[in-house]
Amino acid sequence: MNKFDELTNKYFDNDISQNELTELNEFLKDPNNELLFKATQNLESILRQGKNINAPEMIEEKFMNKILHHKTRTEVFPIFIASIFILSIVSVFVFVFSFTDFNTRQIEFSIKIEQFIRSMNISPISFSLFVKNKIVTIIGLSSSFFLLLSFLLSVVSHKAFKEKINKYSGI
Amino acid sequence: MNHLTDQEIINSVKRGNAADFSLLIDRYKDKAFSMLRRMLKNSLDAEEALQDAFLKAFYGLNNFHGDSQFSTWLYKITYNCALSMIASKKRKIEMEMTSIDEHFELGNFDNEIYSTSESANDFIYKMIDKLPIRNAIVLILFYIDGLSLNEISSVLDSSLVNTKVLLHRSRIALRNLLLRHNYLPEKR
């Protein structure tokens with residue numbers, strides 16, 4: 001872009017200083033530049049007369065129906081997902097506590113696992129010690145809780161997944 | 001209800017009066033549709049993208065804190081919806097191909113457009129449709145919608161300097177076209 005075009009643009013952006021205006025006036029003494037300047041003025045006037053293309057009729061009503069309809073249905077999604085994960089978390093707690101609270105049942109359970117492990121040809125002693133350890137139980141319980149909770153948070157906040165589920169559920 | 005400011009309507013919608021959002025749709029539908037129509041080149045796509053834009057605006061209203069004007073924020077959403085639609089339809093996106101340092105060439109189709117134009121106005125608006133998307137949008141937002149260059153740069157997510165360069169190049173290119181086809185300014 002040459003100096004004259006640069007000054008012309010500044011003039012039409014209302015961004016021209018007094019010195020630049022003087023410089024522009026010097027350029028305009030040349031008839032070719034004057035013609036270019038007037039053509040820009042003409043263009044400015046054409047562009048400012050421009051009108052928007054109107055949106056189709058009754059579009060507000062259509063969009064509002066969609067918006068209100070969309071709202072009630074998408075709100076079900078997080079509740080649905082949250083319910084599944086909360087149920088899973090509660091199940092893990094119930095399952096673990098049902099075996100840790102009652103020693104006899106815990107022993108019965110461990111024996112069943114030992115039998116199963118034996119049938120799989122794995123050394124049962126080390127596995128039995130591992131299962132019976134309370135610290136391991138607490139760590140397992142906490143890990144399951146946090147894992148399920150993080151799954152819940154990531155699924156609920158995952159927009160693409162949410163959209164996909166909505167799509168398949170016909171929303 | 002038309003006397004309410006955008007912010008008053010937004011506050012009402014945020015308080016739970018979802019139906020008041022229709023006032024914002026009514027206020028901005030033509031401007032947004034016009035921009036989409038020029039970007040997407042057909043009314044059906046423009047209507048679909050417009051719906052998408054208003055849906056996004058409605059659900060994103062809680063993220064609008066009034067840092068910019070609602071119109072600027074809506075234009076930005078609208079512009080991005082149009083870009084998504086173009087990308088999803090795998091159309092040729094000139095704006096992405098044309099860097100700010102490259103010159104665009106309008107000379108290939110201006111003769112054809114000139115022959116079907118009734119006036120300088122008609123010619124100019126048909127030529128705007130042929131500009132790379134960003135150049136055309138800068139002109140529309142600046143001249144028709146009256147946005148400032150700062151607002152436009154926010155809509156396009158580009159720097160103020162780049163936005164100015166887009167406007168200047170488009171202006172000079174269109175001026176040269178007017179002269180080439182003898183749409184001469186009236187003599188004083």
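**Figure 1. V90(A) is partly exposed, with a relative accessible area of 45%.** This view, like the others, comes from a predicted model. V90(A) belongs to helix α5 of chain A, which covers residues 76-100. Why does V90(A) count as partly exposed? Its relative accessible area is 45%, and partly exposed residues lie between the 20% limit for buried and the 50% limit for exposed. V90(A) also belongs to a nonpolar patch on the surface. Its partners there are I86(A) and V94(A). Together, the three residues have about 260 Å² of accessible area.

**Figure 2. Chain A meets chain B across an interface that buries about 4,000 Å².** The size of an interface is often given as the accessible area lost when the parts come together. Here, carbon and sulfur atoms account for 65% of the buried area. On the chain A side, L47(A), I53(A) and F63(A) lose the most area to chain B. These three together make up 16% of what that side buries. How many residues are in contact across the interface? Chain A brings 37 residues, and chain B brings 46.

**Figure 3. A salt bridge joins K62(A) to E47(B).** The closest N and O atoms of K62(A) and E47(B) are 2.5 Å apart. Between chain A and chain B, the count is 6 salt bridges. Polar contacts between the two chains come to 14 residue pairs, with both residues at pLDDT 80 or more. Which helices of chain A each supply at least two residues of the side that touches chain B? They are α1 (3-12), α3 (31-48) and α4 (59-74). Helix α3(A) gives the most to that side, with 12 residues.

**Figure 4. I128(B) is buried, and its contacts include a residue of chain A.** I128(B) sits in helix α7 of chain B, residues 120-130. Is I128(B) buried or exposed? I128(B) is buried, because its relative accessible area is 0%, and buried means under 20%. Leaving out residues up to four places away in sequence, I128(B) touches L47(A) from chain A. Under that same condition, its contacts in chain B are A136(B), L139(B), I140(B) and L174(B). Take I140(B) as one of these partners. I128(B) and I140(B) are 12 residues apart in sequence. In space, their C-alpha atoms are 8.7 Å apart. L47(A) has appeared before: it is among the residues of chain A that lose the most area to chain B.

**Figure 5. Helix α9 of chain B is mostly covered.** The helix spans residues 149-156, and 6 of its 8 residues are buried. Which residues of α9(B) are buried? They are L149(B), E151(B), I152(B), S153(B), V155(B) and L156(B). What do these buried residues pack against? Their neighbours in chain B are α2 (21-40), α4 (70-88), α8 (133-144) and α10 (160-180). Just after the helix comes D157(B), with a positive phi of about 60°.

**Figure 6. Chain B is built from 10 helices and 0 strands.** This view sets the close-ups of chain B in context. Every element in the run from the N terminus is an α. Of the 188 residues in chain B, 54% are buried. Now consider contacts within chain B between residues at least 6 apart in sequence. Of these, 62% join residues at least 24 apart. What area does chain B expose? The value is about 9,000 Å², and carbon and sulfur atoms supply 47% of it.

Methods. Residues numbered from 1 in each chain as written. Chains lettered and ligands numbered in written order. Predicted model: local features only at pLDDT ≥ 70, side-chain atom pairs only at ≥ 80, totals over all residues. Heavy atoms only, no water. Buried < 20%, exposed > 50% of the residue type's maximum accessible area, 1.4 Å probe, protein only. Helix = DSSP H or I, 4+ residues; strand = E, 2+ residues; numbered from the N terminus. Contact = heavy atoms within 4.5 Å. Areas by Shrake-Rupley, 256 points an atom, 1.4 Å probe, with all protein chains shown as cover. Patch = residues over 30% accessible without salt bridge, like charges linked within 9 Å, V, L, I, M, F, W, Y side chains within 5 Å. Salt bridge = Lys/Arg side-chain N within 4 Å of Asp/Glu carboxyl O. Buried area = accessible area lost by both parts, 1.4 Å probe. Polar contact = N/O pair within 3.5 Å; in protein donor to acceptor, adjacent residues only side chain to side chain.
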